[in-house]
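Hi,

Here is the structure I promised to pass on. Have a look at it first, and then read on for what turned up.

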Amino acid sequence: MQGIVGPFWEVVMVDFTKVTACGEVVGRPDMSETEGGVPACRFWVKSTRRWTTRTGAQCEETVYAPCHGVGRVANVARKYVRSGVRVLIDGYLRVLTVPTETGVKETEMFIEVEHIAFLSPRAVAEACGKTW
């Protein structure tokens, strides 16, 4: 396209770490507070992928994803997140590097949860002591 010049032809690289995960919660959330007193939580989501190979063999792969939530997400998790509840998680990848007591730096990657949707309302109701 000769003769066309403009800033709209520049290539812009954007880092994108959006994550959407669907799975089953494992265990109960670990609740805490930030230094500013904002509620925070950590929990794990188990997601299993199943597929069939070209030869017809059945395969399965299970991934356990660590999830962190702050503020409103942590409050919702405190009330409704229980082991076995199916959730749809929306957030972004985050990496923290923390020095240990021995001075070695450890890196942790997790999903910073922005939104959480419950896909098993019966399990949520039962976890809250209500009948379905």
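Start with lysine 18, which makes a salt bridge with aspartate 90; their closest N and O atoms are 3.4 Å apart. Keep in mind that this is a predicted model. Lysine 18 sits in strand S1 (residues 18-33) and aspartate 90 in strand S4 (residues 86-99), so this pair ties together parts that are 72 residues apart in sequence. And is lysine 18 buried or exposed? Neither, quite: its relative accessible area is 40%, so lysine 18 is partly exposed.

In case salt bridges are new to you: side chains of opposite charge can pair when their charged atoms come close. How many salt bridges are there in this model? The count comes to six.

Another one joins the side chains of arginine 42 and glutamate 108, with 2.7 Å from N to O. Here too, distant parts of the chain are linked: arginine 42 belongs to strand S2 (residues 39-52) and glutamate 108 to strand S5 (residues 105-118), and they are 66 residues apart. Both ends are partly exposed, arginine 42 with a relative accessibility of 40% and glutamate 108 with 26%.

Then look for glutamate 61 and arginine 49, whose side chains meet in a salt bridge at 3.5 Å, N to O. Glutamate 61 is in strand S3 (residues 58-70) and arginine 49 is in strand S2, twelve residues apart, and this pair also links distant parts of the chain. Glutamate 61 counts as partly exposed at 38%, and arginine 49 is partly exposed as well, at 46%.

Some of the salt bridges share partners, and they join Lys18, Asp90 and Glu114 into one network. So when you find the lysine 18 and aspartate 90 pair in strands S1 and S4, look for Glu114 too, as part of that network.

Now for the empty space. Rolling a probe the size of a water molecule over the atoms shows where empty space is left. The largest pocket has a volume of about 190 Å³. Which residues are closest to its centre? Of the 13 that line the largest pocket, those are Ala40, Cys41, Arg42, His68 and Val70. You will recognise Arg42 from its salt bridge with glutamate 108.

Strands S1, S2, S3 and S5 each give at least two residues to the lining of this pocket. As for the kinds of residue there, five are nonpolar, four are polar and four are charged.

Have fun clicking around in it!

Key. Residues are numbered from 1 along each chain as its sequence is written. This is a predicted model: local features need pLDDT of at least 70, side-chain atom pairs count only at pLDDT 80 or more; totals for chains, interfaces and linings use all residues. Side-chain values use heavy atoms; hydrogens and water are left out. A salt bridge is a side-chain nitrogen of Lys or Arg within 4 Å of a carboxyl oxygen of Asp or Glu. Helices (H or I, at least four residues) and strands (E, at least two) are DSSP runs, numbered from the N terminus. Buried means under 20% relative accessible area, exposed over 50%, partly exposed in between (1.4 Å probe, protein chains only). On a 1 Å grid over the protein atoms alone, a cavity is a set of points where a 1.4 Å probe fits but cannot get out, and a pocket is an open set with protein on both sides within 12 Å along at least five of seven lines; lining residues have an atom within 4 Å of a point. Grid points are joined across faces, edges and corners, and a volume is the space filled by probe spheres set on the points. Ala, Val, Leu, Ile, Met, Phe, Trp, Tyr, Cys and Pro count as nonpolar, Asp, Glu, Lys and Arg as charged, and the others, Gly among them, as polar.
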